[in-house]
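Here is a short set of exercises to work through with the viewer open. Try each task yourself before reading the solution below it.

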Amino acid sequence: MAFALVVGLGMFNIGRLIIRPKAEVTAADRLIEASPQLQRGRDLVTRSSDCMRCHTMELDVVGPGFMTIAKRYGDRPDGVQYLAGKIREGSVGEWGRVVMPRHPQITQEQAELMAGWLMALKPPAKPDAG
């Protein structure tokens with residue numbers, strides 16, 4: 001009986017919802033929730049494109065995780081424009097031999113919104129331990 005319950009919960013993915021710990025709200029989360037522009041960028045990435053096929057928030061799957069990308073490019077003054085270009089034009093060699101395909105169907109404005117959201121994920125700088 002217990003096995004059937006576990007299988008049933010797994011089939012409906014309810015088990016994860018019940019036992020999943022509440023995620024910590026970060027400064028980036030608060031920033032994104034306060035900005036309709038960043039929310040639109042998030043929605044374009046997570047709901048309106050194929051980004052989630054190769055990327056996750058934290059894990060490097062096919063491509064690097066969004067947090068890894070934000071950490072690498074977060075200090076670039078031209079980071080949003082640079083990443084928007086990579087979204088639209090694609091790239092190869094930045095993260096090893098992985099190919100980032102072109103997405104010409106995404107407008108420049110959409111790519112900049114997506115890149116803006118991604119850059120907002122940059123973790124805060126850690127104070128020097130001195």
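**Exercise 1. The overall fold**

How many helices and how many strands are there in the protein? Set them out in order as well.

Step 1. Keep in mind that this is a predicted model. The protein has 7 helices and 2 strands.

Step 2. Reading from the N terminus, the elements follow the order α-α-α-α-α-α-β-β-α.

Step 3. Now add some totals. Of the 130 residues, 26% count as buried. The accessible surface is about 9,300 Å², and carbon and sulfur atoms account for 60% of that area.

Step 4. Take the contacts between residues at least 6 apart in sequence: 48% of them join residues at least 24 apart.

**Exercise 2. Where to trust the model**

Find the helices in which confidence is lowest and highest, and decide which stretch to treat with care.

Step 1. Start with the average: the mean pLDDT of the protein is 85, and 78% of the residues reach 70 or more.

Step 2. Helix α2 (residues 14-19) has the lowest confidence, with a mean of 42, while helix α6 (residues 79-89) has the highest, at 98.

Step 3. Look along residues 13-21, where pLDDT stays under 50. For this stretch the model has 3 contacts beyond four places in sequence.

Step 4. Here is the rule to apply: where pLDDT is low, predicted coordinates should not be read in detail.

**Exercise 3. The strand pair**

Describe how strands β1 and β2 are joined.

Step 1. Strand β1 covers residues 91-93 and strand β2 covers residues 96-100. The two run antiparallel, joined by 3 bridges.

Step 2. Pick out one bridge: Gly93 has Gly96 in β2 as its partner.

Step 3. Check the connection. β1 and β2 form a hairpin, with 2 residues between them.

Step 4. Continue past β2 into the loop that leads to α7 (108-120), where you will find Gln105. Gln105 is exposed, because its relative accessibility of 56% is over 50%. Its C-alpha lies 7.9 Å from that of Arg88, although the two residues are 17 apart in sequence.

**Exercise 4. Salt bridges**

Trace salt bridges in the model, and say how accessible their partners are.

Step 1. The count comes to 8 salt bridges. As background, side chains of opposite charge can pair when their charged atoms come close.

Step 2. One of them links Glu33 and Arg42, with the closest N and O atoms 2.8 Å apart. Arg42 is partly exposed, at 22% relative accessible area.

Step 3. Another joins Asp43 to Arg47, at 3.3 Å from N to O. Asp43 is partly exposed at 24%, whereas Arg47 is exposed at 65%.

Step 4. A further salt bridge connects Lys86 with Glu94, and their closest N and O atoms are 3.1 Å apart. Lys86 is partly exposed at 22%, and Glu94 is partly exposed at 25%.

Step 5. Finally, ask which residues belong to one network. Through shared salt-bridge partners, Glu33, Arg42, Asp43 and Arg47 are joined together.

**Exercise 5. A nonpolar patch**

Identify the residues of a nonpolar patch on the surface.

Step 1. The patch consists of Leu59, Val61, Val62 and Val98, which together have about 340 Å² of accessible area.

Step 2. Place one of its members: Val61 sits in the loop between α4 (36-46) and α5 (66-73).

Step 3. Another member, Val98, falls within the residue range 96-100 of strand β2.

Note on methods
Residues are numbered from 1 along each chain as its sequence is written. This is a predicted model: local features need pLDDT of at least 70, side-chain atom pairs count only at pLDDT 80 or more; totals for chains, interfaces and linings use all residues. Side-chain values use heavy atoms; hydrogens and water are left out. Two strands pair if DSSP finds at least two bridges between them. Helices (H or I, at least four residues) and strands (E, at least two) are DSSP runs, numbered from the N terminus. A salt bridge is a side-chain nitrogen of Lys or Arg within 4 Å of a carboxyl oxygen of Asp or Glu. Buried means under 20% relative accessible area, exposed over 50%, partly exposed in between (1.4 Å probe, protein chains only). Patches are made of residues with over 30% relative accessible area and no salt bridge: like charges are joined within 9 Å, nonpolar side chains (Val, Leu, Ile, Met, Phe, Trp, Tyr) within 5 Å. Accessible areas come from the Shrake-Rupley method with a 1.4 Å probe; for residues, only the protein chains shown count as cover. pLDDT is the predictor's confidence in each residue, from 0 to 100. Contact means heavy atoms within 4.5 Å.
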